[in-house]
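User: I should like a close look at a single part of this model, namely the place where its chains meet. Please take me through that part step by step.

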Amino acid sequence: MYLGTDLLAAWSLNLEFGVAGVANLAYIVVIAAGAYTYAVLTLGPSSGNGGFQQYILGFRLPFALTVIAAALVGAAVGALIRVSGLKRLRQDYQGMVMLVVSLMAATVVGADGGLFNGQAGLSLVSNPFSGSGSAGGDWTYVGVVALACVVGYLLLRRFTGGPMGRTLRAMRDDEHAAAAIGRSVVNLRLLAQAVGGAFGGVRGALLVGLIGGWSPSSWAYPETLALLTAIIVGGMGNNVGVSIGTFVVYLLLLQGVQFLPAIASHPGLTEAFGWMILGVTTVAFVWLRPQGVFPERRPRFGRPRADPAGGSGPGLSDSIRA
Amino acid sequence: MIALGAVDFTVQFGINSILNITYGSLTTLAAYLGHFLVGAHLSIWLALAIGAVMVGLASMVFHRVLLAPLVRRGIRPFGLIVVTVACGIVLRYVIVAVVGPTAQSYGEQSGATLHILGMTFTVAQVVSIAITAVLMLSLHLLLTRTKLGRAMRATSANRTLAQSCGIATDRISDIAWLISGTLCGAAGVALAITVATFDFTLGSVFLIPMIAAAEPGGSGPALRRDAGRVGGGDQQPGGGRPLEPRVPGRDRLRDPDREVAGAPARALRGHLVVAAAAGMSPV
């Protein structure tokens, strides 16, 4: 189940970073937005459940509706984050702005106790299928996550493989050229982050339903680096490669260290090892193989068809025109 | 301390056009090194000096071994940011692995209480402010009055032209990272002295104010110019400024390169702006 939600997040960040070239170091914020949305729409009134949590809204809505709401909120937050970097900044400045947005968001949410219960976060978020019995509920959730992955993969593949995907890649490769043929770079980036944010919101909703709680410590900025590492390792712009990268990073690295023996005198040492290995892996791949294990295949275009009327066939600019 | 951190951030960026996010973790490293030295019964101020120098050396090695080769390979600016974020996380969790996640403290280092101009300070705060002022003034004088400072400004303005003039830009970069890393270390130890307790998140907590102080203060023409550029990897290392027409007989380096030379004053201005915006005391 964790791998499924990680795949959703990695594919959607790949859309933003690998396909559109948006330097989004604040991606974890949209996941958190989706998670909090799901939690406050399913927990019920804040006065219930013992009354030890303070949060806004407090409805008890059906699962499907809350996931849709999480997707919409994720899209809105993604677009809102993009607004902060609307000025056409150099890519590293964009990254810095996004990083600061991520840090600020965690600080604000942690400081405001009435919003989402501050640093303590929200808990007692129930598995929506727990009524089927413990094992049955878990397997149902596995099925839901798997379905979400299949649908998400097909949607993203359709999105990135079609004219819009070509336009985003054109913007990634050369903004000036894309702008010269009339593409609005600002709007394209907004769109990429909104779509990526929607999938991120869904991931957050599924994850919090699985874990049962969410707090600012769950969405620190290193989490975005883990996703970026999965994309870099697997291959940017290539969903299959990103899937491999996600498996390597999340299962083999970050989860694999859990099997190391714990040392009583150094609590948290295994988690620290995981992050250290992740950071070293990132640097190693950027140094040795920045294109990833499975590089993005460059598109090949057929020869222009001869026009029966004697005119020229489609030109190169058509390949990047939506 | 935030102003000092902002100055270092600006110097690093001004010389190499690298946004070094590892900066926060280096600040934390300095705090822990100072804490270790104080635990070894060294004076707090001697621990600050030693910790600052050690972090300066670490910063220089980091640039020389990792960042400079990546820049030569043509890595894009965002790729460098990803690398610095990754290295910052590695350093952060090395600290956690060695020292543990529990909070640390320098203990009772505040000293006596002083009342100056209606404000209340501790001796440690006064000394920290004095050290910060001396370091920033020294940096300003270095950048504006010395041959090394002129070479640094030349490298910041146009690296290629500086190389053509015989300036060893690689060595200048190393010195810049050594100086900025040393100041970063000093800021880290001073920060840790000021706060009651600190842990491995110290650097990330103060990274935002340092970046914010560097930005409102302004990093000069290069930063404003580059902010308007689109795309990455399209500028020469070191920021780059279009060649200005030469006036025969005039030292082309006489006009100060504002983005580096004015860094201390702008950082202090930025610190005051940030502090005012946050409703905090500037000290």
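How many residues of chain B are in contact with chain A, and how many residues of chain A are in contact with chain B?

Analyst: The model is a predicted one. In this model, 32 residues of chain B are in contact with 32 residues of chain A. On the side of chain B that touches chain A, the elements of chain B that give two or more residues are helix H4 (77–99), helix H9 (202–217) and helix H10 (221–227). Of these, H4(B) gives the most, with 16 residues. By residue type, this side of chain B divides into 24 nonpolar, five polar and three charged residues.

A second meeting of parts, within chain A, may be set beside this one. Chain A is divided into domain 1 (2–220) and domain 2 (221–296), and the C-alpha centres of these two domains of chain A lie 20 Å apart. Here, 22 residues of domain 1 of chain A are in contact with 17 residues of domain 2 of chain A. The elements that give two or more residues to the side of domain 1 of chain A that touches domain 2 of chain A are four helices of chain A: H1 (2–19), H2 (27–42), H4 (91–111) and H6 (134–161). H1(A) provides the largest share of that side, eleven residues. The residues of the side of domain 1 of chain A that touches domain 2 of chain A comprise 17 nonpolar, three polar and two charged.

Methods. Residues are numbered from 1 along each chain as its sequence is written. Chains are lettered from A and ligands numbered from 1 in the order in which they are written. This is a predicted model: local features need pLDDT of at least 70, side-chain atom pairs count only at pLDDT 80 or more; totals for chains, interfaces and linings use all residues. Two residues are in contact if their C-beta atoms, placed from the backbone, lie within 7 Å. Ala, Val, Leu, Ile, Met, Phe, Trp, Tyr, Cys and Pro count as nonpolar, Asp, Glu, Lys and Arg as charged, and the others, Gly among them, as polar. Domain bounds come from an automatic or database domain assignment.
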